[in-house]
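Colleague: Hey, I'm new to this one. Could you walk me through it once it's on the screen?
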Amino acid sequence: MTPGRRIRVMLVDDHPLVRSAVRQAIDAPDVEFVGEAGTAEDAYAVAMRSKPDVMLVDIELPGASGVQLLRELVPRLPETRFVMLTVSTADDDVLEAIDYGASGYLTKDLTPEALLRAVRGAHAGDLVIPRRMAARLVRRLADRGRRAPSGHDPLIDHGLSSREREVLRLLAEGMTDREIAGTLTISTRTVETHVSSVLHKLGARNRVEAARHYRGES
């Protein structure tokens with residue numbers, strides 16, 4: 001960082017109390033809070049205007065998701081470091097965020113001191129991610145690499161997103177919407193939306209047919 005220049009940080013989260021807590025956590029002489037937003041749509045405009053050094057982004061947002069916001073902004077703000085700050089610990093969320101250019105993935109149970117260290121680390125070019133998640137991410141990337149020569153996931157041909165494939169996997173295991181929501185730490189309504197989208201994309205009439213698609217029985 002240029003001597004005397006503070007790290008310019010922006011936050012995207014739909015909960016005002018969370019935004020307030022994060023602002024307090026990163027309050028430091030070398031950090032400048034330059035903007036916040038509660039939706040991806042608002043965040044896009046603020047980010048393009050403020051061009052932050054580090055952008056903290058929740059995954060679950062009203063309307064477009066945090067990952068969708070990432071896809072839009074990463075190519076347009078190459079100097080910005082994007083760090084997901086969320087309650088979700090789902091491997092697919094971590095993998096998808098990193099795939100689309102996130103420089104870190106943090107959960108909201110971290111301490112204020114750890115968050116401030118992460119902001120500084122991300123700005124310095126580090127990949128900021130808890131060790132337990134980093135280990136799982138490496139395994140997933142290794143598994144994906146081993147599968148690559150034999151072809152790709154046929155579910156991708158149907159246009160299913162990473163999160164939709166994760167929901168479908170749990171659905172195929174016989175989980176209810178409530179159980180899926182608990183596993184992925186998202187709302188039941190969000191699960192219902194994903195399930196509806198999965199059925200539509202697969203052309204399945206019900207959950208049983210969708211599960212058969214996942215198991216390759218159709």
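Modeller: Sure, one term before anything else: "buried" means under 20% relative accessible area, "exposed" means over 50%, and "partly exposed" is in between, with a 1.4 Å probe and protein chains only. With that cut-off, 43% of the 218 residues of the protein chain count as buried. This is a predicted model, where local features need pLDDT of at least 70 and side-chain atom pairs count only at pLDDT 80 or more, while totals for chains, interfaces and linings use all residues. Residues are numbered from 1 along each chain as its sequence is written, and side-chain values use heavy atoms, leaving out hydrogens and water.

Colleague: Okay, how many helices and strands are there in the protein chain?
Modeller: The protein chain has 10 helices and 5 strands. Those are DSSP runs numbered from the N terminus: H or I of at least four residues for helices, E of at least two for strands.

Colleague: Let's start with β1. Is it buried or exposed?
Modeller: Strand β1 covers residues 7–12, and 5 of its 6 residues are buried, so the rest of the structure largely encloses it.

Colleague: And which way does it run against β2?
Modeller: β1 and β2 (residues 31–37) run parallel, joined by 6 bridges. Strands count as paired if DSSP finds at least two bridges between them. Across that pair, L11 stands opposite E36 in β2. To get from β1 to β2, the chain passes through helix α1 (residues 16–25), and this β-α-β crossover is right-handed. That term means that, with the strands pointing away from the viewer, the path from the first strand over the helix to the second runs clockwise.

Colleague: How many bridges join β1 to β3?
Modeller: There are 4 bridges between β1 and β3 (residues 54–57), and these strands run parallel. V9 has V54 in β3 as its bridge partner.

Colleague: Back to α1, then. Which of its residues are buried?
Modeller: R19, V22 and A25 are buried in α1. Looking down the axis of α1, they fall within an arc of 125°, so they line one face of the helix. The arc is taken from the directions from the helix axis to the C-beta atoms.

Colleague: Why would spaced-out residues end up on one side?
Modeller: An α-helix has 3.6 residues a turn, so residues three or four places apart point the same way.

Colleague: What sits on either side of α1?
Modeller: The cover over its buried residues includes β1, β2, β3, β4 and α5 (112–123). On the face turned away from the buried side, α1 carries the exposed residues P16, L17 and Q24.

Colleague: Which residues of α3 are buried?
Modeller: In α3 (residues 66–73), the buried ones are G66, V67, L69, L70 and L73. Down the axis of α3 they fall within an arc of 155°, so they too line one face of the helix. Their cover includes β1, α2, β3, β4 (81–86) and α4 (91–99).

Colleague: Changing topic: where is D53?
Modeller: D53 is in the loop between α2 (40–50) and β3. Its relative accessibility is 10%, so D53 counts as buried.

Colleague: What does D53 touch?
Modeller: Not counting residues up to four places away in sequence, D53 touches R5, R6, I7, R8, E79, T80, R81 and H123. Contact here means heavy atoms within 4.5 Å. The side chains of D53 and R5 are joined by a polar contact of 2.9 Å. A polar contact is a pair of N or O atoms within 3.5 Å; within protein, one must be able to donate a hydrogen and the other to accept it, and residues adjacent in sequence count only if both atoms are side-chain atoms.

Colleague: Anything odd in the backbone?
Modeller: K51 has a phi near 45°, which is positive in a residue other than glycine. Most residues other than glycine have a negative phi. K51 is in the loop between α2 and β3 and is partly exposed, at a relative accessible area of 48%. T185 also has a positive phi, near 50°, and is in the loop between α8 (177–184) and α9 (188–202).

Colleague: Last one: is V191 buried or exposed?
Modeller: V191 has 0% relative accessibility, so V191 counts as buried. It is in helix α9. Leaving aside neighbours within four places in sequence, V191 is in contact with D177, I180, A181 and I186.
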